[in-house]
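The exercises below go through one structure step by step, each with a task and a worked solution. Please keep the sequence and the model in view while you read.

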Amino acid sequence: MEGGEVTAVDGVRPDDGTRGAAPTPLRVALLGCGVVGSQVARLLREQHDDLAARVGAPLDLVGIAVRDVDVPREGVDPALLTTDAEGLVARADIVVEVIGGLEPARSLLLRAIGCGASVVTANKALLAEDGPTLYAAADAAGVDVYFEAAVAGAIPIVRPVRESLAGDRVRRIVGIVNGTTNYVLDQMATERLDLDAAVAQAQALGYAEADPTADVEGYDAAAKAAILASLAFHMRVPLEDVHREGITAITAEDVTWAASTGHVVKLLAIAERTDDGVSVRVHPALVPTTHPLSGVRGAFNAVFVEAESAGELMFYGRGAGGAPTASAVLGDVVSAARNRVLGGRGPVESSYADLPVLPASAALTRYQVRIDVVDRPGVLAQVAAALADHGVSIEAVRQSLAAGPGDAEVAHLVMTTHSATDAALAATVEAVAGLDAVLAVRSVLRVEGN
Ligand code: NDP
Ligand code: HSE
């Protein structure tokens, strides 16, 4: 900041004799002008007067950092474009990072904070990997870090968990937080596509990247789960402590069987607090068609929160896309701007709780196990005994007959268990697979919700 000049960046404004004068504009720097950044730039331009009225000072976009300034960008003043992101962040009051990835996003945000700017980011990968470094730097500088868009795009979920539920005790969060995989699974269920065809369709529609790994292998959802769990349980949940399974093992047959037993397959991010600690995991699961999450179709997201006093809450909407995500980013920009105009800061990291993060093998879940067995007397009893030996209790069994090799009759068993640990279930499945009468274990899927 210029020496002696009194601006909104000073926090609580002293009475410097300028009250009643036009408010000092806040300088906004935008890092990235892709899917999200281009929409942030548009909203800052189109809603300039409304935003000024809401904040109490104009929000002036002073520059947009990109890799290539020669790419034509609709509605963007080319004079704002720069490749000098480092220089740009040093002359802003609020820096919006929508580049993505770890670097240079992290260095640029730390530099912005070091220069006294508040920052807004949509970067779940960076926050899950190294959020505490950003929060500590912001604390030292007395500025804000906002990140509503990092989890579930347009859906307000960071603010509700971080602020609205700050007086409650969150027990559990179950979310569909990746639109691409939800679209893929939905297409498999409704259009009877196999996984590859559904992923190709998601790519054609722009939901999935050319390399869909981050979505289909659950990395994107795991980052969001780590962020939500950290906020909900007031602790740091490192990304490496999130158990992660993607959807690549889900077959068209799994989806068809799910439907026949009154379920849909969803990729879920689950964060739950138990008496022993917290469990944070991402995996596909069967969700009963009676559960609210089962109705989340296409690329939509939804997050189901259970809190001790509030009870059950559900948040639903668009988890991705330029304009929806930009809406969440702009909400954060307004919050950060208001704090600068009025003085004070937004919420800071709350990580006082020192709860252990439990291994996935300790998580208690119901399972649906599908196996092919030889259709002869006593086989069901053998299978049931294998489950009982491992302390896994059967809730329901369904059997159908199919023609096997030669004249053999094959029975297809669909068993739903009561809650068991991952470890117990894994040992059970190994034992079942080893029985002479068992021809194949066709799938093992967790079941969430009653
Ligand atoms: P894009 O790939 O569409 O845009 C990235 C932008 O960053 C581009 O404008 C690119 O410049 C610029 N950029 C890349 N590297 C640099 C660099 N070294 N210096 C300066 N600029 C750089 O990404 P998205 O808009 O899709 O995503 C941005 C962030 O938002 C990510 O963190 C993502 O996870 C998050 N997000 C995205 C959602 C979505 O629906 N897309 C939803 C929720 C969050 P150039 O244009 O010149 O290549
Ligand atoms: N790739 C993400 C999704 C969007 O499919 O939901 C960004 O978080």
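**Exercise 1. State which residue just after α13 takes a positive phi, and describe how the buried and exposed residues of α13 are arranged.**

Just after α13, the residue with a positive phi is Gly391, at about 75°. Helices (H or I, at least four residues) and strands (E, at least two) are here DSSP runs, numbered from the N terminus. The model is a predicted one, in which local features need pLDDT of at least 70 and side-chain atom pairs count only at pLDDT 80 or more, while totals for chains, interfaces and linings use all residues. Residues are numbered from 1 along each chain as its sequence is written, chains are lettered from A and ligands numbered from 1 in the order in which they are written, and side-chain values use heavy atoms, with hydrogens and water left out.

Going back into the helix, which spans residues 379-389, we find the buried residues Val379, Val383, Ala386 and Leu387. Because they cover an arc of only 100° around the axis, they lie on the same side of α13; the arc is that of the directions from the helix axis to the C-beta atoms. The face turned away from that buried side carries the exposed residues Ala388 and Asp389. Buried means under 20% relative accessible area, exposed over 50%, and partly exposed in between (1.4 Å probe, protein chains only). A general rule helps here: an α-helix has 3.6 residues a turn, so residues three or four places apart point the same way.

**Exercise 2. Work out which residues of helix α2 are buried, and which exposed residues its opposite face carries.**

In α2, residues 48-55, the buried residues are Leu51, Ala52 and Val55. Seen down the axis, they fall within an arc of 105°, so they line one face of the helix. Turned away from this buried side is the face with the exposed residues Asp49 and Ala53.

**Exercise 3. Describe the surroundings of ligand 2 and its polar contacts.**

The residues around ligand 2 (those with a heavy atom within 4 Å of it) are Lys124, Asn178, Gly179, Thr180, Asp215, Asp220, Lys224 and Ala320. By class, this shell has one nonpolar, three polar and four charged residues; Ala, Val, Leu, Ile, Met, Phe, Trp, Tyr, Cys and Pro count as nonpolar, Asp, Glu, Lys and Arg as charged, and the others, Gly among them, as polar. Two helices, α7 (179-190) and α10 (219-233), each supply at least two residues of the shell.

Next come the polar contacts, pairs of N or O atoms within 3.5 Å (within protein, one must be able to donate a hydrogen and the other to accept it, and residues adjacent in sequence count only if both atoms are side-chain atoms). A polar side-chain atom of Lys124 lies 2.5 Å from an oxygen atom of ligand 2, and one of Asn178 lies 3.4 Å from an oxygen atom of the ligand. A nitrogen atom of ligand 2 is 3.0 Å from an N or O atom in the side chain of Asp215. On its own, ligand 2 has 260 Å² of accessible area, of which the protein covers 80%; such areas come from the Shrake-Rupley method with a 1.4 Å probe, and for residues only the protein chains shown count as cover.

**Exercise 4. Do the same for ligand 1, naming the residues that come nearest.**

There are 21 residues around ligand 1, and Cys33, Val36, Arg67, Arg73 and Gly321 come nearest. The shell has 11 nonpolar, six polar and four charged residues. Backbone N or O atoms lie 2.9 Å from an oxygen atom of ligand 1 in the case of Val36, and 3.0 Å from an oxygen atom of ligand 1 in the case of Asp68. In Arg73 an N or O atom of the side chain is 2.8 Å from an oxygen atom of the ligand. Taken alone, ligand 1 exposes 900 Å², and the protein buries 76% of that.

**Exercise 5. Give the strand order of the open sheet of six strands and name its edge strands.**

The order is β3-β2-β1-β4-β5-β6, with parallel pairing, where two strands pair if DSSP finds at least two bridges between them. The edge strands are β3 (81-82) and β6 (145-146), each of which pairs on one side only. Inside the sheet, four bridges join β4 (residues 94-97) to β5 (residues 118-121), and Ile94 stands opposite Ser118 in β5.
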